[in-house]
Amino acid sequence: MIGAIVAGTLSAPTAPVTNSYESIATVTVGSGGSSSVSFSSIPSTFKHLQIRAIARASGPYTYDQTNMTFNSDNGSNYSWHQVNGNGSSVTANGGTSTTFIRIADETAANNNANCFGGMVIDILDYADTNKNKTARSLWGYDDNSTGTIGLRSGLWRSTSAVSSITLVCSNNWLQYSSFALYGVKG
Amino acid sequence: MAAGSTYTPIATTTLGSAQATVSFNSFSGYTDLILVVAGTVSTANNPTLRFNSDSGSNYSWRYLAGNGSSASTGGSANQTSILTGGLGTSTIGNIIYYINNYSNTTTNKTVINRHNRADDSVTAWVGLWRNTAAITTIDLGAGGGNWNTGSTFTLYGIQAA
């Protein structure tokens, strides 16, 4: 995508020319909240997938988890690792043989109102039936008193093409949380 | 499922002369913004972000950094801008800013970004602007000095289905 830049100036914006990145679907959480978001019937015509989101959760904590599974597989076929910093300490940990990829954290009910975390999740070579599937994320939240910025990686030990993605909150996502799925062509 | 091409280059510039701030002010109609920077500054420092010309103490930020020998983290509240990854005077550094859902009017705005500077460190940052207004202008300051000639800035827009 970066290679598709067409030179221009700030005063004369360039015309849209890219067609290698497509919006597939978006889910925005309504007033009742939601504990999960799913994308199904994902076409296999892209090379990579990307999820871009903002999120705030209902748990009585300063953060909640966003966990990710593929193709409705709830077996112990996932693993993940992370490094993050909260302004005072750096944490590196992970999980093996888990039932999900802990792909991001977001701000929660104990943090200041209206603050939402941001996340960008990449799922690479998602349709390749010769590889187990890997994902990575950049995520962060801040509410002017607490917050964390982190990087995560995840593995799904399956060579199946990813045809559905389920994101699950450890509590509920609150209204205005929004998750958008994009496809990147190869 | 709906589908449509997006990730649109909105504006790009290569500085022909040094300047303290690079501004963007015409980027309506998208869901997310991505700002890609490759540059140097006249005085090694951390570039700063401000939105909608708000110079009040309405920003905060945190970072995670690694410099080849150790990892560190830090942050600050009630700031007059969002601090981002540090750049040097000669070795090009890169910063990619992700501003998700920048135009909604119900949430405060969060920016996450990744930065690398080969002669110094690799970092990730999160910044908050405590305002629910849609972002209509972005001012990217050089951190006290100037952006050097040749620094490049490209703003992209992504529109969700």
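## Close-up views of the interface between chain A and chain B

**View 1. Two salt bridges link chain A and chain B.** The model is predicted. One salt bridge joins the side chains of B:Asp32 and A:Arg52, with 2.7 Å from N to O. Polar contacts add to the picture: the rule finds 18 residue pairs across the interface, both partners at pLDDT 80 or more. On the chain A side, seven stretches each supply at least two residues that touch chain B: strands E1 (21-28), E3 (48-55), E5 (78-85), E8 (117-124), E9 (133-142), E10 (147-156) and E12 (178-184). By class, this side of chain A has 32 nonpolar, 24 polar and five charged residues.

**View 2. The whole interface buries about 4,300 Å² between chain A and chain B.** Carbon and sulfur atoms give 61% of that area. In residue terms, 61 residues of chain A are in contact with 56 residues of chain B. Strand pairing also crosses between the chains. E1 of chain A and E1 of chain B (residues 4-5) pair in the antiparallel sense over two bridges. Here A:Ser23 has B:Gly4 as its bridge partner.

**View 3. B:Asp32 sits in strand E4 (residues 32-39) of chain B.** Its relative accessible area is 1%, below the 20% cut-off, so B:Asp32 counts as buried. A:Arg52 is its salt-bridge partner. A polar atom of the B:Asp32 side chain also lies 2.8 Å from the backbone nitrogen of B:Asn101. Beyond neighbours within four places in sequence, B:Asp32 is in contact with residues of chain A, A:Arg52 and A:Tyr182. From chain B, its contacts include B:Ile99, B:Asn100, B:Asn101 and B:Tyr102. B:Tyr156, B:Gly157 and B:Ile158 are also in contact with B:Asp32.

**View 4. B:Ile112 lies in strand E10 (residues 109-117) of chain B.** B:Ile112 is buried, with a relative accessible area of 2%. Leaving aside neighbours within four places in sequence, which residues of chain A is B:Ile112 in contact with? They are A:Gly118, A:Met119, A:Val120, A:Leu138, A:Trp139, A:Gly140 and A:Ile149. Contacts in chain B, with that same sequence exclusion, are B:Ile96, B:Tyr97, B:Tyr98, B:Trp125 and B:Val126. B:Ile99 is 13 residues from B:Ile112 along the chain, and their C-alpha atoms are separated by 6.8 Å.

**View 5. Four strands of chain B form an open antiparallel sheet in the order E3-E12-E5-E8.** Strand E3 (21-24) and strand E8 (82-83) stand at the edges. Each has a single partner strand, so one side of each is left without a neighbour in the sheet. E3 of chain B pairs with E12 (residues 138-141) of chain B over four bridges, in the antiparallel sense. In that pairing, B:Val22 stands opposite B:Leu140.

**View 6. Strand E5 of chain A is mostly covered.** Six of its eight residues are buried. E5 of chain A runs antiparallel to E6 (residues 90-98) of chain A, joined by seven bridges. A:Gln82 stands opposite A:Asn93 in E6 of chain A. These two strands form a hairpin with four residues between them. In the turn, A:Gly87 has a positive phi of about 100 degrees. E5 of chain A is also joined to E10 of chain A by eight bridges, again antiparallel. There, A:Tyr78 stands opposite A:Trp156.

Note on methods: Residues are numbered from 1 along each chain as its sequence is written. Chains are lettered from A and ligands numbered from 1 in the order in which they are written. This is a predicted model: local features need pLDDT of at least 70, side-chain atom pairs count only at pLDDT 80 or more; totals for chains, interfaces and linings use all residues. Side-chain values use heavy atoms; hydrogens and water are left out. Contact means heavy atoms within 4.5 Å. Buried area is the accessible area (1.4 Å probe) that two parts lose on being put together, summed over both. A salt bridge is a side-chain nitrogen of Lys or Arg within 4 Å of a carboxyl oxygen of Asp or Glu. A polar contact is a pair of N or O atoms within 3.5 Å; within protein, one must be able to donate a hydrogen and the other to accept it, and residues adjacent in sequence count only if both atoms are side-chain atoms. Ala, Val, Leu, Ile, Met, Phe, Trp, Tyr, Cys and Pro count as nonpolar, Asp, Glu, Lys and Arg as charged, and the others, Gly among them, as polar. Two strands pair if DSSP finds at least two bridges between them. Buried means under 20% relative accessible area, exposed over 50%, partly exposed in between (1.4 Å probe, protein chains only).
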